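This briefing reviews selected features of a predicted model. Its topics are internal space, surface pockets, strand pairing and salt bridges.

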Amino acid sequence: MTNIDSKTLGNSYTYAEFRSYVTNALANNPAELNLSEEYIPYAELNETRLKRLDKTMKVEEDVKQKLQQLKGEYLWLVISESWCGDAAQIVPVLNKMAEECNNIELKLVFRDQNLELMDAFLTNGGRAIPKLIIAKKDTKEIIGHWGPRPVLAQKVVTDYKEAHGVVDENGKTELQMWYIKDKGHEVQKEVIALMTSFE
């Protein structure tokens, strides 16, 4: 896949629209999210995480300066889902970064409604999210991608899997604790390094 097509963009949401859609669906009609019963509690838990991060997440000063110095105009398209614990920790960071730069437009799509797009950006053969796809804003040419999680967060998962054979609920909790301590630092560091490489 070399370009983001108009059909995909037609299915996309701004961050505020995505958040509002999920929040309203969980409150009024969870079936609208097409989630199996076991995934609903994860989506509800993520609502709490997202509300907290939307209020508390801050872009670091050096990252802010680099974002504001970007000369190119970019589209950030993020593949996400309401139930994904990584997305709940990462997407608010990406949103805050995009808000600091007039040259970045952020859009989100639901993974399971856009499998053709997702399957062009698999991680080790899996549909891992969130996935940030970076394109030139004018031509929609895809120039890079990032995700589903920072290198150090992936190490937490890999180490846990090696020690326990599987990432169970304790493993997921350990990962969430890593995100809480990190405060979005590694996401900002990795994504801004990628963005400045395009300039």
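The lining of the largest cavity comprises 10 nonpolar, 3 polar and 3 charged residues. This cavity belongs to a predicted model, and its volume is about 120 Å³. The points below take up the cavity, then the pockets, the strands and the salt bridges.

**Internal cavity**

- The count of cavities of 30 Å³ or more comes to 1.
- In total, 16 residues line the largest cavity, and those nearest its centre are Phe18, Leu50, Ser80, Glu81 and Ser82.
- Two or more lining residues come from each of the helices α2 (15-28), α3 (40-56) and α5.
- One of the residues nearest the cavity centre, Ser80, is also a buried residue of strand β1.

**Largest pocket**

- The largest pocket holds about 1000 Å³ of space.
- Its lining consists of 31 residues, with Asp86, Arg149, Val167, Lys172 and Leu175 nearest the centre.
- At least two lining residues are supplied by each of α3, α5, α7 and α8.
- Helix α8 provides the largest share of this lining, 6 residues.
- By class, the lining of the largest pocket divides into 12 nonpolar, 10 polar and 9 charged residues.

**Second largest pocket**

- The second largest pocket contains about 180 Å³ of space.
- It is lined by 13 residues, and the closest to its centre are Leu53, Met57, Ile180, Lys183 and Gly184.
- Helices α3 and α8 are the elements that give two or more residues to this lining.
- The lining of the second largest pocket has 5 nonpolar, 3 polar and 5 charged residues.

**Strand β1 and its partners**

- Strand β1 spans residues 74-80, and 7 of its 7 residues are buried.
- Tyr74, Trp76, Val78 and Ser80 point one way from β1, whereas Leu75, Leu77 and Ile79 point the other way.
- This division follows a general pattern: in a regular strand the side chains alternate between the two faces of the sheet.
- The residues pointing either way from β1 are all buried.
- Strand β1 pairs with strand β2 (residues 104-110) in the parallel sense, over 7 bridges.
- Within that pairing, Tyr74 has Ile104 of β2 as its bridge partner.
- Helix α5 (residues 85-99) joins β1 and β2 in a β-α-β unit, which is right-handed.
- Strand β1 also pairs with strand β3 (residues 131-136), here in the antiparallel sense and over 6 bridges.
- The bridge partner of Trp76 in β3 is Ile134.

**Salt bridges within helices**

- The whole structure contains 10 salt bridges.
- In helix α4 (residues 61-68), Glu61 and Lys64 lie 3 residues apart, about one turn of the helix.
- The closest N and O atoms of the salt bridge between Glu61 and Lys64 are 3.3 Å apart.
- In helix α7 (residues 151-164), Lys155 and Asp159 are 4 residues apart, again about one turn of the helix.
- The side chains of Lys155 and Asp159 form a salt bridge with an N to O distance of 2.7 Å.
- Both ends of this α7 salt bridge are partly exposed: Lys155 has a relative accessible area of 47%, and Asp159 has a relative accessibility of 35%.
- In helix α8 (residues 169-182), Lys172 and Glu169 are 3 residues apart, a separation of about one helical turn.
- Lys172 and Glu169 form a salt bridge in which the closest N and O atoms are 3.5 Å apart.
- Lys172 is partly exposed at a relative accessible area of 36%, and Glu169 is likewise partly exposed at 43% relative accessibility.
- Besides taking part in this salt bridge, Lys172 is among the residues nearest the centre of the largest pocket.

**Salt-bridge network**

- Arg19, Glu47 and Asp54 are linked in a network of salt bridges.

Methods:
Residues are numbered from 1 along each chain as its sequence is written. This is a predicted model: local features need pLDDT of at least 70, side-chain atom pairs count only at pLDDT 80 or more; totals for chains, interfaces and linings use all residues. Side-chain values use heavy atoms; hydrogens and water are left out. Buried means under 20% relative accessible area, exposed over 50%, partly exposed in between (1.4 Å probe, protein chains only). Two strands pair if DSSP finds at least two bridges between them. A crossover is right-handed if, with the strands pointing away from the viewer, the path from the first strand over the helix to the second runs clockwise. On a 1 Å grid over the protein atoms alone, a cavity is a set of points where a 1.4 Å probe fits but cannot get out, and a pocket is an open set with protein on both sides within 12 Å along at least five of seven lines; lining residues have an atom within 4 Å of a point. Grid points are joined across faces, edges and corners, and a volume is the space filled by probe spheres set on the points. Ala, Val, Leu, Ile, Met, Phe, Trp, Tyr, Cys and Pro count as nonpolar, Asp, Glu, Lys and Arg as charged, and the others, Gly among them, as polar. A salt bridge is a side-chain nitrogen of Lys or Arg within 4 Å of a carboxyl oxygen of Asp or Glu.
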